Amino acid sequence: MSAHIRIPRMFSRASAVSALTVAAVGGTVATPGCPPEAEAATVAAKALRIAAAKKGAPYKYGAAGPKRFDCSGLTQYAYKRAGKRLPRTAAAQYNRTRHIKAASRKGGDLVFFHSGSGVYHVGVYAGGGRLWHAPKTGQVVRLERIWTKKVWYGHVR
């Protein structure tokens, strides 16, 4: 049994095979005309995986990893490892992101908890109304359902 792959005319057979090989081993391929959002999506997905990999790491106020975290330390660490720099505090991270509506959120976007106009907590959106975050003293990095509607979302540029 053989599989046949239809290759669009704009690609040569060799470039299509190369792209398929790179994709099969988990790489990425820069496609001419592909918007920069594709790169950002890859960074967000990587940051999400990094945050999830820190499951069980203890909370420590002011810590930014690699073994202990506070909320903004976790998001800063995950994005730094994914190739993007974020400021240190939740409020500064909110100011650095592109603000998006809940309907537009995707895995890896940041979830900001606020009271009035002040941001006091941040986590990494995991999909399905859940986030990875470092909650508070005595707790560990964990996946949790978003428990309030008083949240804003931000996409890291």
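1. Sheet order. Six strands make up an open antiparallel sheet, ordered E1-E6-E2-E3-E4-E5; strands (E, at least two residues) and helices (H or I, at least four) are DSSP runs numbered from the N terminus, and two strands pair if DSSP finds at least two bridges between them. The edges are held by strand E1 (98–100) and strand E5 (142–145), each with a single partner strand, so one side of each lacks a neighbour in the sheet. From one strand to the next the twist averages 45°.

2. Basis of the model. The model is predicted, with local features requiring pLDDT of at least 70 and side-chain atom pairs counted only at pLDDT 80 or more, whereas totals for chains, interfaces and linings use all residues. Residues are numbered from 1 along each chain as its sequence is written, and side-chain values use heavy atoms, with hydrogens and water left out.

3. Strand E6 and its partners. Strand E6 (residues 151–155) pairs with E2 in the antiparallel sense over four bridges, and with E1 in the antiparallel sense over three bridges. On the E2 side, leucine 110 stands opposite glycine 154, and phenylalanine 112 has tryptophan 152 as its bridge partner. Towards E1, histidine 155 stands opposite arginine 98. Four of the five residues of E6 are buried, where buried means under 20% relative accessible area, exposed over 50% and partly exposed in between (1.4 Å probe, protein chains only).

4. Helix H3. H3 lies across E2, E3 and strand E4 (130–133), at about 45° to E3; axes are lines fitted to C-alpha atoms, for helices over the stretch in contact, and angles run from 0 to 180 degrees between N-to-C directions. Its twelve residues reach 17 Å from first C-alpha to last, close to the 16 Å expected at 1.5 Å a residue, the expected span being 1.5 Å times one less than the number of residues. Ten of the twelve residues of H3 are buried, including Leu74, Tyr77 and Tyr79. Just after H3, glycine 83 adopts a positive phi of about 105°.

5. Nonpolar cores. The largest nonpolar core (buried Ala, Val, Leu, Ile, Met, Phe, Trp, Tyr and Cys residues joined through side-chain atoms within 4.5 Å) has 27 residues, and Phe69, Tyr79, Leu110, Phe112 and Val141 are among those with the most contacts inside it. At least two residues of this core come from each of helix H2 (37–53), helix H3 (71–82), helix H4 (90–96), strand E2 (110–115) and strand E3 (118–127). Another core, apart from it, has eight residues, among them Val111, Tyr125, Ile146 and Tyr153.

6. Valine 141. Beyond its neighbours within four places in sequence, valine 141 is in contact (heavy atoms within 4.5 Å) with residues including Ala51, Phe69, Leu74 and Trp132.
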